[in-house]
Amino acid sequence: MIDAKIPEGNLADKWSNYKDSSKLINPANRKKLDIIVVGTGLAGSSCAATLAEQGYNIKSFCFQDSARRAHSVAAQGGVNAAKNYKNDGDSVYRMFYDTIKGGDFRSREANVYRLAECSLALIDQAVAQGVPFAREYGGYLNNRSFGGVQVSRTFYARGQTGQQLMIGAYQALMRQVSAGKVKTYTRHEMLDLVMVDGKARGIIARNLETGEIERHSANAVVLATGGYGKVYYLSTLAMGCNTSAIWRAHKKGALMSGVSWIQFHPTCLPQIGETQSKLTLMSESLRNDGRIWVPKKAGDDRVLNDIPEEERDYYLERRYPTFGNLSPRDISSRAAKERIDAGCGVGPMKNAVCLDFSKAIKEQGLTKIEEKYGNLFRMYDKINGVDAYKEPMLISPAAHFTMGGLWVDYNLMTTIPGLFALGEANFSDHGANRLGANSLLQSCVDGYFIAPYTIPNYLSGELKAEKVTTDHPAFAEAEKVVREQLERFLNLKGRFSADHFHKTLGKLLYDKCGLSRTKESLEQAIVEIKALKKSFDHELKITGDEQVNSELEKAGRVSDFLELGELMCYDALQREESCGAHFREEYQTADGEAVRNDEDFCYVSAWEWKGEGKQPELHKEPLVFDTVKLSVRSYK
Ligand SMILES: Cc1cc2nc3c(=O)[nH]c(=O)nc-3n(C[C@H](O)[C@H](O)[C@H](O)COP(=O)(O)OP(=O)(O)OC[C@H]3O[C@@H](n4cnc5c(N)ncnc54)[C@H](O)[C@@H]3O)c2cc1C
């Protein structure tokens with residue numbers, strides 16, 4: 001049985017107790033310790049900067065050309081904190097409860113409570129860094145609501161919250177670069193983890209500008225490499241996002257959890273053609289004022305503004321009157337799919353629903369709506385050439401966020417000693433469904449507040465360990481494996497590009513392991529993914545050579561996506577219940593709501609890699625609820 005190492009004591013005291021009793025390292029000794037942080041998003045930058053500030057030597061890696069361009073910049077809507085500035089009944093406990101319930105009771109109480117507790121300090125930290133959160137007339141920080149809650153706890157900087165938080169984290173990182181405590185390796189891709197005596201002691205990275213393979217050693221390795229939603233090809237993530245760092249750590253022994261819990265965001269721009277490589281997110285904040293509807297009649301082809309009020313189906317308000325348009329993402333996305341599948345979808349491909357601001361404009365005035373969402377309306381207009389102040393936006397669910405990732409204990413350490421996973425790369429806090437604006441929070445608190453305690457706690461036991469250098473045979477062995485894989489890709493000379501396999505995999509996963517799944521669809525998917533992988537191994541074509549070569553980069557990423565996709569299907573197949581974003585059609589009520597099975601599935605699934613072509617092995621971490629009572633998650 002795997003041990004989450006949750007501290008003893010009352011829920012509210014666990015984190016304080018942990019901090020009070022965690023081991024410290026004296027400042028003179030910190031200078032002797034090296035830490036590799038892969039990833040410069042909010043989780044990676046904040047962790048690298050904070051550990052460097054403490055005196056450790058940090059090597060920071062990212063594949064973008066600047067640390068500041070990590071994917072966290074894309075986040076629009078906001079970041080949650082239980083500050084209760086609105087005096088509307090919020091508290092740490094309420095935020096904890098909303099998050100546990102939002103995740104459909106499939107996350108750890110202790111982690112979630114710590115997330116809510118640390119949210120308070122995060123806002124102060126960000127404000128001190130100069131993050132320009134929206135303010136009210138009197139100067140206080142403003143808040144709005146996101147799905148799945150009835151209070152306003154989302155802090156935001158217009159539609160650029162991720163970017164503004166990133167500027168804060170980046171400047172903290174650069175301060176340490178100037179101080180000589182952080183060395184950045186941009187345009188570097190980690191291709192393998194190096195282990196010595198069962199512990200993480202370094203990485204193999206490829207310099208994407210020269211093609212050179214490099215060895216880097218350290219006393220601990222942190223993976224803050226983001227989410228793997230791009231496995232679906234079409235998603236709200238940029239093309240470069242991938243799973244390779246965590247997947248290769250998985251193949252070295254780190255367990256993966258919640259792998260098939262994928263969040264489909266309900267407010268994305270619909271697909272409009274076959275050659276698209278990305279879907280654009282319209283922030284969930286729009287659901288504060290936008291009303292979602294489809295025509296009541298299937299196949300209604302009228303101009304949307306001509307459809308009278310009584311012939312519109314505001315299906316979220318109808319099905320979930322308490323939360324209405326702010327129902328959580330999993331529920332809203334499934335409800336949209338249900339209407340689209342019923343033939344009521346709108347738009348050229350009939351794959352969208354309406355997000356309508358006419359009532360809000362009538363009630364609050366155009367200026368107010370412009371003030372709140374102006375940049376999002378402009379973005380919509382730029383992409384679609386449609387003025388959404390005058391006609392409804394068209395939106396559709398798209399793959400967005402991955403609740404799954406590397407299994408970590410309360411220390412954020414994986415099952416490999418010395419290997420930590422932070423931010424979206426780990427599975428830890430969101431359960432089977434993430435509430436909006438909780439991810440920026442998790443990435444930031446993992447990096448600024450949690451790992452800077454837990455990593456030194458681990459390193460204190462490593463002070464006497466032998467120094468490992470890159471001459472160690474484990475580095476030579478890992479480098480050899482990486483080189484062989486790159487050579488194999490280049491030598492294949494097949495017929496199809498990496499993109500071809502990626503697209504095929506993405507479509508297959510959307511259809512068979514997407515918004516809803518069945519035993520049959522998952523079994524079929526496993527067979528088809530195995531066949532696709534076989535074809536990839538023979539039919540891949542890479543143009544160019546081993547130097548600067550984006551096709552070669554893609555090949556490695558797609559190879560990992562294929563293996564991950566298979567694991568996602570095993571994970572979804574094994575979990576014979578519906579919970580959060582995991583909707584197994586066999587387990588639903590007569591009116592289409594998810595049916596959870598607490599008796600048999602109240603645990604975290606943690607999968608072990610058993611080798612190529614072999615079925616993964618399941619380990620279980622039972623979920624114990626001492627504080628909340630498990631209940632049917634209802635937003636009606
Ligand atoms: C469009 C969009 C909007 C969103 N809006 C919100 C929002 O409003 N609120 C909210 O809470 N959440 C939001 N999210 C989710 C949130 O932005 C992410 O979950 C979060 O920012 C992830 O941060 P991270 O630090 O874990 O990873 P990222 O910011 O994705 O950073 C990953 C880093 O890892 C590096 N990396 C990855 N693999 C390798 C490798 N092999 N070698 C070297 N480097 C590697 C990358 O270069 C990058 O630096 C949004 C997500 C998207 C896609």
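# Notebook: ligand shell, helices and domains

I began with the domain assignment of the protein chain, which gives domain 1 as residues 265–399 and domain 2 as residues 473–603. I note at the outset that this is a predicted model. I then looked up how far apart the two domains lie, and found 30 Å between the C-alpha centres of domain 1 and domain 2. The contact takes 6 residues from domain 1 and 6 residues from domain 2. On the side of domain 1 that touches domain 2, helix 9 (residues 329–344) contributes the largest share, 5 residues. By class, I recorded that side of domain 1 as 1 nonpolar, 1 polar and 4 charged residues.

**Helix 15**

I next checked the length of helix 15 (residues 519–539): at 1.5 Å a residue its 21 residues should span 30 Å, and the end C-alpha atoms are 30 Å apart, which agrees. The residues I found buried in helix 15 are Leu-522, Ala-525, Ile-529 and Phe-536. Because these residues cover an arc of only 45 degrees around the axis, I place them on the same side of helix 15. On the face turned away from that buried side I listed the exposed residues Glu-520, Val-527, Ala-531, Lys-534 and His-538. Looking for what covers the buried residues of helix 15, I found helix 14 (498–512) and helix 16 (550–574) among the elements involved.

**Ligand shell**

Turning to the ligand, I asked which of the 44 residues around it come nearest. They are Gly-39, Gly-41, Gly-77, Gly-226 and Gly-423. Sorted by class, the shell around the ligand holds 19 nonpolar, 23 polar and 2 charged residues. At least two residues of the shell come from each of helix 3 (42–54), helix 6 (161–178), strand 6 (188–196), helix 7 (244–251) and helix 12 (439–459). I followed up two of these elements, helix 3 and helix 6.

**Helix 3**

The 13 residues of helix 3 should span 18 Å at 1.5 Å a residue, and I find its end C-alpha atoms 18 Å apart, which agrees. I noted that helix 3 is mostly covered, with 11 of its 13 residues buried; Cys-47, Thr-50 and Leu-51 are among them. The cover over the buried residues of helix 3 includes strand 1 (34–38), strand 2, helix 6, strand 5, strand 9 (220–223) and helix 12. Just after helix 3, I saw that Gly-55 takes a positive phi of about 120 degrees.

**Helix 6**

For helix 6, 18 residues at 1.5 Å each should span 26 Å, and the end C-alpha atoms are 26 Å apart, which agrees. Its buried residues include Leu-165, Met-166, Tyr-170 and Leu-173. I traced the packing of the buried residues of helix 6 to helix 3, strand 2 (57–61), strand 3 (79–80), helix 5 (109–129), strand 5 (182–185) and helix 12. Gly-180 follows helix 6 and has a positive phi, near 80 degrees.

**Two single residues**

Is Asn-26, in the loop between helix 1 (14–21) and helix 2 (27–30), buried or exposed? Asn-26 counts as exposed because I find 10 C-beta neighbours inside 10 Å. The C-alpha atoms of Asn-26 and Gln-54, 28 residues apart along the chain, are separated by 10.0 Å.

I last looked up Ser-358, which is found in helix 10 (residues 358–364). Ser-358 has 15 C-beta neighbours inside 10 Å and therefore counts as partly exposed. I find 9.4 Å between the C-alpha atoms of Ser-358 and Asp-289, which are 69 residues apart along the chain.

Terms used
Residues are numbered from 1 along each chain as its sequence is written. This is a predicted model: local features need pLDDT of at least 70, side-chain atom pairs count only at pLDDT 80 or more; totals for chains, interfaces and linings use all residues. A residue is near a molecule or strand if its C-beta atom, placed from the backbone, lies within 6 Å of it. Helices (H or I, at least four residues) and strands (E, at least two) are DSSP runs, numbered from the N terminus. Ala, Val, Leu, Ile, Met, Phe, Trp, Tyr, Cys and Pro count as nonpolar, Asp, Glu, Lys and Arg as charged, and the others, Gly among them, as polar. A residue is buried if 20 or more other C-beta atoms lie within 10 Å of its own, exposed if 12 or fewer, and partly exposed in between; C-beta atoms are placed from the backbone. Domain bounds come from an automatic or database domain assignment. Two residues are in contact if their C-beta atoms, placed from the backbone, lie within 7 Å. The expected span of a helix is 1.5 Å times one less than its number of residues. The arc is that of the directions from the helix axis to the C-beta atoms.
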